[in-house]
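Here is a friendly walk through a model you may want to have open beside you. Take a look at the sequence and structure first.

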2 protein chains.
Amino acid sequence: MFARQLPGGRRYGVVAGTGRVLEALESFRFGEEELAFLHDNQIVDAPTIEFLAGYRFSGDLYGYREGECYFPGSPILTVAGTFAEAVLLETVILSILNHDCAIATAASRMVHAAGSRPLVEMGSRRTHEMAAVAAARAAYLGGFSSTSNLMAGHRYGVPTAGTAAHAFTLLHDSEKQAFQAQIDSLGTGTTLLVDTYDVAEAVRTGVELAGPDLGSVRLDSGDLAEVAHAVRGQLDSLGAEKTRILVTSDLDEYTIAALSSAPVDAYGVGTSLVTGSGVPTAALVYKLVVREDAEGVMQPVAKRSVGKPSRGGRKEAFRQLDPTGTAVAELVTVSGDRPADARPLQAELVRGGEVVGGEELEAARHRHRQAVAELPATAHQLSRGYAAIPTVFD
Amino acid sequence: MFARQLPGGRRYGVVAGTGRVLEALESFRFGEEELAFLHDNQIVDAPTIEFLAGYRFSGDLYGYREGECYFPGSPILTVAGTFAEAVLLETVILSILNHDCAIATAASRMVHAAGSRPLVEMGSRRTHEMAAVAAARAAYLGGFSSTSNLMAGHRYGVPTAGTAAHAFTLLHDSEKQAFQAQIDSLGTGTTLLVDTYDVAEAVRTGVELAGPDLGSVRLDSGDLAEVAHAVRGQLDSLGAEKTRILVTSDLDEYTIAALSSAPVDAYGVGTSLVTGSGVPTAALVYKLVVREDAEGVMQPVAKRSVGKPSRGGRKEAFRQLDPTGTAVAELVTVSGDRPADARPLQAELVRGGEVVGGEELEAARHRHRQAVAELPATAHQLSRGYAAIPTVFD
């Protein structure tokens with residue numbers, strides 16, 4: 001599995017979803033209901049039903065670890081097994097990685113644009129209900145600090161965070177009553193949403209009720225830079241110098257970068273994160289590259305379709321580094337030789353059907369920080385362009 | 001729930017996902033594991049845990065039926081209930097409808113571009129694994145003929161279809177052996193993928209093996225119009241005049257329209273369908289518009305955030321038609337009056353927590369055909385622009 005190119009002129013891709021693939025693999029079975037559907041609708045024949053009833057992947061998976069960066073042609077995942085066993089995994093593996101890599105890549109760009117300021121993932125409502133959970137996981141892997149998706153907290157241990165909604169303020173007889181109810185319930189360290197009616201009045205009310213220990217205020221509309229400056233000044237003049245400003249409202253990596261000089265303490269990102277900020281799918285493909293011939297010899301194979309270059313053979317991959325430790329090339333080889341000054345990129349994930357490469361999400365998040373730090377500065381250009389390092393095939 | 005605007009300059013939106021909302025509502029409960037997570041992480045307090053443990057939506061849902069078209073401000077779904085009960089549904093309802101409406105809207109555009117030619121949904125691998133199932137459902141609702149997603153067939157009764165993969169050809173010693181194996185298994189009515197090596201040779205081999213009854217050939221690369229003309233000529237000269245040509249390869253509504261004069265019999269669409277063809281989310285929002293005051297009187301409410309116009313009050317909606325039956329305006333009213341020459345757009349979906357508006361997917365698909373036929377011709381312009389009819393508020 002690899003990407004022919006990085007869609008949207010991305011400079012690098014982020015591997016994400018491998019952990020979910022390993023989870024999915026362990027429960028990838030055909031139940032009675034599914035088999036009955038396939039039988040009753042004559043979709044497959046009796047021997048195939050029998051094969052599916054006993055299906056269990058018994059082959060090997062080998063690939064890039066989550067959090068690693070990838071480039072065009074990087075062999076992110078290699079599946080070795082019988083054709084029938086391996087081809088059945090094609091859709092589920094591509095679905096998971098195409099989605100999760102796209103989100104993690106967008107997240108990584110936003111994290112860089114935000115510098116040292118934390119990012120909260122808040123996009124669940126703008127994507128499919130289960131994609132939302134995977135998106136929160138991928139965002140955290142890519143460097144986001146927390147998510148408003150509680151299922152991602154439950155399932156994957158992603159730290160959770162939230163703020164109040166406009167509806168909560170509108171529900172009360174006055175904004176003051178709403179703020180008081182929120183502070184009574186959650187303490188003065190809470191985040192008040194201050195743009196339901198009049199921002200300056202809401203900030204005044206918030207500090208009046210919570211005192212200078214008010215945790216944060218959230219701005220969700222207007223020219224955020226201008227409003228943030230005004231609110232910062234107002235908070236400081238009220239003695240709430242430690243009260244933080246969280247901004248939301250259709251942010252993406254570009255608007256986050258544009259706010260870098262504004263007095264903003266944290267960003268909440270929704271739509272653009274869960275939709276991959278213009279690149280909702282990673283364009284990964286799953287191709288047959290080696291088959292065993294009648295003599296039992298492994299033979300490289302490749303199609304010759306126009307405009308879709310394919311390379312046969314099982315790939316090994318290394319990241320070549322210069323003496324300062326900066327990445328200079330992605331080396332993809334079928335020779336079996338290990339190049340010098342190069343970091344091997346693949347690891348054993350599944351052996352004989354058993355998962356051997358599971359790890360905590362936190363490890364993947366940490367790996368991403370290291371992998372992205374290794375890239376040349378050009379990797380962080382937000383404009384469309386070429387991959388930050390070339391892929392060299394041998 | 002409504003859209004402030006139609007993103008991507010769409011001329012109309014398609015309501016999809018309501019059926020999935022009704023399904024989700026029936027199983028929207030908090031289990032022991034979820035409650036333990038919320039408790040152990042001190043996310044909510046003990047009285048809230050208790051409330052959640054007994055949670056069951058007991059209010060009403062009222063809204064547009066699936067397949068109906070919508071415009072900016074159309075009150076697609078109205079949720080009436082206690083604040084606590086209704087606010088808990090916000091994320092799941094928005095997730096489902098933001099996703100499904102975006103996909104169905106893209107599907108509807110493609111269906112119009114394809115004219116009388118059928119469209120097969122083949123995008124599962126380019127989106128989250130569960131979003132894929134919902135996307136296949138939404139595509140069928142929007143007018144696609146079938147899907148390659150078997151779970152959508154199983155779960156929602158969407159007709160299923162498929163073709164062979166390049167890997168199947170590459171697996172064999174020769175293309176001829178691969179075709180023979182496929183024909184032996186699936187009969188001469190099957191669809192052969194003919195662009196793995198050389199298209200002309202593959203077509204010759206296919207007709208040689210299957211005879212003039214060969215069902216279809218699939219083209220997945222190259223200049224599809226040019227290749228389709230060449231293949232049509234070759235098939236006809238070989239006597240395979242009834243063999244159909246299916247084209248795939250990153251199609252969207254624009255490339256489908258561009259192929260309208262090419263000898264193509266059916267289209268397979270993947271990436272662009274499941275990602276909403278540039279609009280992966282429908283921008284629907286869920287806003288508090290009416291609350292009961294201390295005197296028990298229902299009062300309209302609305303926030304006053306800059307640049308995000310909101311209108312308080314419970315909305316009723318009607319589609320105004322001219323004497324020829326063509327839609328001329330979307331009427332959205334809080335007055336309770338029913339305008340003349342106008343079709344009411346809302347129906348009761350849930351009453352006192354019980355689903356009363358369930359229906360077959362086929363009914364929604366049929367409704368969409370009727371709803372889209374009612375729109376003025378400008379609705380079918382593929383270019384970015386304004387909504388096909390204005391929304392008139394009173």
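The report below covers the basis of the model, chain A, the pairing of the chains and the cavities.

## Basis

This is a predicted model, in which local features need pLDDT of at least 70 and side-chain atom pairs count only at pLDDT 80 or more, while totals for chains, interfaces and linings use all residues. Residues are numbered from 1 along each chain as its sequence is written, chains are lettered from A and ligands numbered from 1 in the order in which they are written, and side-chain values use heavy atoms, leaving out hydrogens and water.

## Chain A

Chain A has 394 residues, and 53% of them are buried (under 20% relative accessible area, 1.4 Å probe, protein chains only). Its C-alpha atoms fill a box of roughly 85 × 60 × 35 Å along the principal axes.

## How the chains pair

Chain B superposes on chain A after a rotation of 180° with 0.0 Å of shift along the axis, at an RMSD of 0.0 Å (least squares on C-alpha atoms of residues with pLDDT of at least 70 in both). That is the relation of a two-fold axis.

## Cavities

Rolling a probe the size of a water molecule over the atoms shows where empty space is left. Here a cavity is a set of points, on a 1 Å grid over the protein atoms alone, where a 1.4 Å probe fits but cannot get out; lining residues have an atom within 4 Å of a point.

The lining of the largest cavity comprises 15 residues, and A:T127, A:P280, B:T127, B:V274 and B:P280 lie nearest its centre.

Conventions: On a 1 Å grid over the protein atoms alone, a cavity is a set of points where a 1.4 Å probe fits but cannot get out, and a pocket is an open set with protein on both sides within 12 Å along at least five of seven lines; lining residues have an atom within 4 Å of a point. Buried means under 20% relative accessible area, exposed over 50%, partly exposed in between (1.4 Å probe, protein chains only).
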